[in-house]
Amino acid sequence: MEERIERYFSGKLNERERKEFEQQLRTDHTLINEVAYYIQLRNALKQELLETRHAEWQNNKPPKRISIRAVYWAAAVLLMGVGIGWYWLYSPSITLEEYANHYIEQNFERRNIQMGASDDSLQMAIGFFNKGALEQSLAITEQLTASHPGNAEQLELSGITALKMDQYDKALTYFKQMEQLDLYDNPAVLYQAITLLKRKAPLDNQEAEKLLNKVINENLGGNKLARDWLNK
């Protein structure tokens, strides 16, 4: 099995073998665990190599620049502001829950795969997510987060996947972890409000409104969107 997994990630399976492998990943939990372990080991080796290289240039680091991750979050927040149409923003009859549903439909259907990205495991999880294989996607991101906590993209994908699977408590846990990260225009509090609006437990609507006000008052990611929702 290990050889087959290695051949898959190195692109040595033919088209038929690749499709059979991906189809098996949808239902075979043993294979899912084997793949997750393989990815974890592979990432550990990459991390060790990166740390070795880092030690070589640590004393000659260039000045800080805006990271790719910062650009990513800026783009995500921009999408929050423009992703909802005129009707959804300004119709007085729209409830907060309907705003949340529409936001999920517009923003949580697909995630972008970064071609040539070094984090194969995360890209694979995104691939499963985009195919609708949510259980497989979540299994991979949970394995990754257990071994490498504090990765924003992993936490975001885990939270969104759990949300779409109606696992609201789990989604809230991931979004709260994401809130603790130092990210540019962090949308985690907005995501928590959306999750509460979907869960619909007693007092969830009131708590969601409090979170939306927090987004506005603290100028967090999605603050314009939160202001539009509450001023409906």
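# A tour of the helices, starting at α11 and α12

Select α11 and α12: these two helices cross with a left-handed sense. The model on screen is a predicted one. α11 runs over residues 188-199, and α12 covers residues 204-217. Their axes lie 8 Å apart, at an angle of about 165 degrees. An angle over 145 degrees counts as roughly antiparallel, and α11 and α12 are therefore roughly antiparallel to each other.

Now show the side chains where the pair meets. On α11, pick Val-189, Leu-190, Gln-192, Ala-193, Leu-196, Leu-197 and Arg-199. On α12, pick Asp-204, Asn-205, Glu-207, Ala-208, Leu-211, Leu-212, Lys-214 and Val-215. Colour them by class: the contact of α11 with α12 has nine nonpolar, two polar and four charged residues.

**Step back: the whole protein**

Zoom out and colour by secondary structure. What will you find? The protein has 13 helices and zero strands. Read from the N terminus, the order of elements is α-α-α-α-α-α-α-α-α-α-α-α-α. Switch to a surface view next. Of the 232 residues in the protein, 42% are buried. Contacts also reach along the chain: of those between residues at least 6 apart in sequence, 56% join residues at least 24 apart.

**Next selection: α10 with α11**

Keep α11 and add α10, residues 168-179. The axes of α10 and α11 are 8 Å apart, and the packing angle is about 165 degrees. That makes α10 roughly antiparallel to α11. The crossing of α10 and α11 is left-handed.

Show the residues in contact. From α10, they are Tyr-168, Asp-169, Ala-171, Leu-172, Phe-175, Lys-176, Met-178 and Glu-179. From α11, they are Ala-188, Val-189, Tyr-191, Gln-192, Thr-195, Leu-196, Lys-198 and Arg-199. By class, the contact of α10 with α11 has nine nonpolar, two polar and five charged residues.

**Thr-195, on α11**

Centre on Thr-195, in helix α11. Is Thr-195 buried or exposed? Its relative accessibility is 0%, so Thr-195 counts as buried. Look for its polar side-chain atom: the backbone oxygen of Tyr-191 lies 2.8 Å from that atom.

Then show what surrounds the residue. Setting aside residues up to four places away in sequence, Thr-195 touches Leu-163, Tyr-168, Ala-171, Leu-172 and Phe-175. Put a distance label on Leu-172. Its C-alpha atom is 6.8 Å from that of Thr-195, though the two are 23 residues apart along the chain.

**Asn-186, in the loop before α11**

Move to the loop between α10 and α11, where Asn-186 sits. Asn-186 has 10% relative accessibility, so this loop residue counts as buried. Which backbone oxygen should you label here? Choose that of Met-178, which lies 2.9 Å from a polar atom of the Asn-186 side chain.

Expand the selection around Asn-186. Apart from neighbours within four places in sequence, Asn-186 is in contact with Met-178, Glu-179, Leu-181, Leu-220 and Gly-221. Met-178 and Glu-179 will be familiar: both belong to the α10 side of the contact with α11.

**Ser-137, in α8**

Jump to helix α8, residues 134-147, and select Ser-137. Ser-137 is at 0% relative accessibility and so counts as buried. Which residues line up against it? Beyond its neighbours within four places in sequence, Ser-137 is in contact with Ala-125, Phe-128, Phe-129, Leu-157 and Thr-161.

**Leu-122, in α7**

Measure from Ser-137 to Leu-122: the C-alpha atoms are 8.8 Å apart, with their positions 15 residues apart in sequence. Leu-122 is in helix α7, residues 120-131. At 8% relative accessibility, this leucine counts as buried too.

List its partners, leaving out neighbours within four places in sequence. Leu-122 is in contact with Thr-141, Leu-144, Glu-153, Gln-154 and Leu-157. Keep Leu-157 highlighted: Ser-137 is in contact with Leu-157, and so is Leu-122.

**Last stop: Phe-9, in α1**

Go to helix α1, residues 2-9, and pick Phe-9. Phe-9 has a relative accessible area of 16%. Buried means under 20%, so Phe-9 is buried. How far apart are the C-alpha atoms of Phe-9 and Asp-120? They are separated by 8.3 Å, while the two residues are 111 apart along the chain. Asp-120 takes you back to α7, the helix of residues 120-131 that holds Leu-122.

How values were computed:
Residues are numbered from 1 along each chain as its sequence is written. This is a predicted model: local features need pLDDT of at least 70, side-chain atom pairs count only at pLDDT 80 or more; totals for chains, interfaces and linings use all residues. Side-chain values use heavy atoms; hydrogens and water are left out. Helices (H or I, at least four residues) and strands (E, at least two) are DSSP runs, numbered from the N terminus. Buried means under 20% relative accessible area, exposed over 50%, partly exposed in between (1.4 Å probe, protein chains only). A polar contact is a pair of N or O atoms within 3.5 Å; within protein, one must be able to donate a hydrogen and the other to accept it, and residues adjacent in sequence count only if both atoms are side-chain atoms. Contact means heavy atoms within 4.5 Å. Axes are lines fitted to C-alpha atoms, for helices over the stretch in contact, and angles run from 0 to 180 degrees between N-to-C directions. Angles under 35 degrees count as roughly parallel, over 145 as roughly antiparallel, 65 to 115 as roughly perpendicular and the rest as oblique. A crossing is left-handed if the near helix is turned anticlockwise from the far one by less than a right angle, and right-handed if clockwise. Ala, Val, Leu, Ile, Met, Phe, Trp, Tyr, Cys and Pro count as nonpolar, Asp, Glu, Lys and Arg as charged, and the others, Gly among them, as polar.
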